[in-house]
Amino acid sequence: MKLRITAMRIVRHEDLIARYENPLENPCPIKEGDTFLLTCLEKPEGLCESAWQTLFPFAFALMNGAESLYDGWMKNKKTAMVSCNDGFRPVSFYLEVID
C-alpha cells in the first residue's frame, strides 16, 4: 500500500515567534504543496523528525488498512488531515492512501 503526504497549509504565528522563539536560520524546510510518497513506514527524506513523529501513527494506521479515523471526520475514509506540532509555524498535512 502507498501513502501520499501533501503539505496543504503553513501558518506562521509571527507574534509568538517574535516573543518566544530564539532566532533560527531554517526552522522548517517544508513548502505548501510539497509531497512525499511512502511505500514503507520510514521517515521520508526532507520531512523533519518532529513532523514525522506526529504523522507516523496516522501513516501507520492508514498503511495498514485503517479507515474512517476519528469516527469518519474525513470525507474520504482512507485519508487524514494532521498538523505537525510546531507551535510557531504548524504545517497541515493531508495523508491519503493511493492504490
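Select Ile5 first. In this predicted model, Ile5 is buried, with a relative accessible area of 0%. The residue belongs to strand E1, which covers residues 2-10. Now show everything that touches Ile5, setting aside neighbours within four places in sequence: the contacts are Asp34, Thr35, Phe36, Leu38, Trp52, Leu55, Phe93, Tyr94 and Leu95. Keep Trp52 in view, as it returns later among the ring pairs. Then add Val97 and draw a C-alpha to C-alpha distance from Ile5: the two residues are 92 apart along the chain, and their C-alpha atoms are separated by 9.0 Å.

**The whole chain**

Zoom out and colour by secondary structure. The protein chain has 3 helices and 4 strands. Read from the N terminus, the order of elements is β-α-β-α-α-β-β. The C-alpha trace spans about 40 × 30 × 20 Å along its principal axes. Of the contacts with a separation of 6 or more, 59% are between residues 24 or more positions apart.

Switch to a surface view. The accessible surface comes to about 6,400 Å², and carbon and sulfur atoms hold 50% of it. Buried residues account for 37% of the 99 residues. Colouring by charge brings up 11 positive and 14 negative side chains, with the centres of the two sets 5 Å apart.

**Glu21 and Arg89**

Go next to Glu21, in the loop between helix H1 (14-20) and strand E2 (35-38). Is this acidic side chain's residue buried or exposed? Glu21 has a relative accessible area of 17%, so it counts as buried, the cut-off being under 20%. Show side chains here: that of Glu21 makes a polar contact with the side chain of Arg89, at 2.7 Å. Beyond neighbours within four places in sequence, Glu21 is in contact with Leu16, Phe88 and Arg89.

**The aromatic rings**

Now display the rings of Phe, Tyr and Trp. A pair of aromatic rings is described by the distance of the centres and the angle of the planes. The model holds 4 aromatic pairs. One of them is Phe56 with Phe60, a tilted pair with centres 6.0 Å apart and 35 degrees between the planes. Both residues sit in helix H2 (residues 49-63), and because they are 4 residues apart there, about one helical turn separates them. Phe56 is partly exposed, at 31% relative accessibility. Phe60 is partly exposed as well, at 42%.

Select Phe58 and Tyr70 for another pair. Their ring centres lie 6.0 Å apart with the planes at 35 degrees, so this pair is tilted. Which parts of the chain does the pair tie together? Phe58 is in helix H2 and Tyr70 in helix H3 (residues 69-72), so the pair joins parts that are 12 residues apart in sequence. The partners differ in burial class: Phe58 is buried at 16% relative accessibility, whereas Tyr70 is exposed at 56%.

Return to Trp52 and add it to the display of Phe56 and Phe60. Ring pairs link these three residues into a cluster. Trp52 is also one of the contacts of Ile5, where the tour began.

**Thr39**

Move to Thr39, in the loop between E2 and H2. Thr39 is exposed, with 54% relative accessibility. Apart from neighbours within four places in sequence, its contacts are Met1, Lys2 and Met63. With Tyr70 still shown, draw a C-alpha to C-alpha distance from Thr39: the two residues are 31 apart in sequence and 24 Å apart in space.

**Thr79**

The last stop is Thr79, in strand E3 (residues 79-83). How accessible is Thr79? Its relative accessibility is 1%, so Thr79 counts as buried. Look for a polar atom of the Thr79 side chain, which lies 2.7 Å from the backbone oxygen of Asn76. Not counting residues up to four places away in sequence, Thr79 touches Leu62, Met74, Tyr94, Leu95 and Glu96. Tyr94 and Leu95 are also among the contacts of Ile5, so selecting these two residues leads back from Thr79 to the starting point, buried at 0% relative accessible area.

Terms used: Residues numbered from 1 in each chain as written. Predicted model: local features only at pLDDT ≥ 70, side-chain atom pairs only at ≥ 80, totals over all residues. Heavy atoms only, no water. Helix = DSSP H or I, 4+ residues; strand = E, 2+ residues; numbered from the N terminus. Buried < 20%, exposed > 50% of the residue type's maximum accessible area, 1.4 Å probe, protein only. Contact = heavy atoms within 4.5 Å. Areas by Shrake-Rupley, 256 points an atom, 1.4 Å probe, with all protein chains shown as cover. Lys, Arg positive; Asp, Glu negative; His and termini not counted. Charge placed at Lys NZ, Arg CZ, Asp CG, Glu CD. Polar contact = N/O pair within 3.5 Å; in protein donor to acceptor, adjacent residues only side chain to side chain. Phe/Tyr/Trp six-rings, centres within 6.5 Å; stacked < 30°, edge-to-face > 60°.
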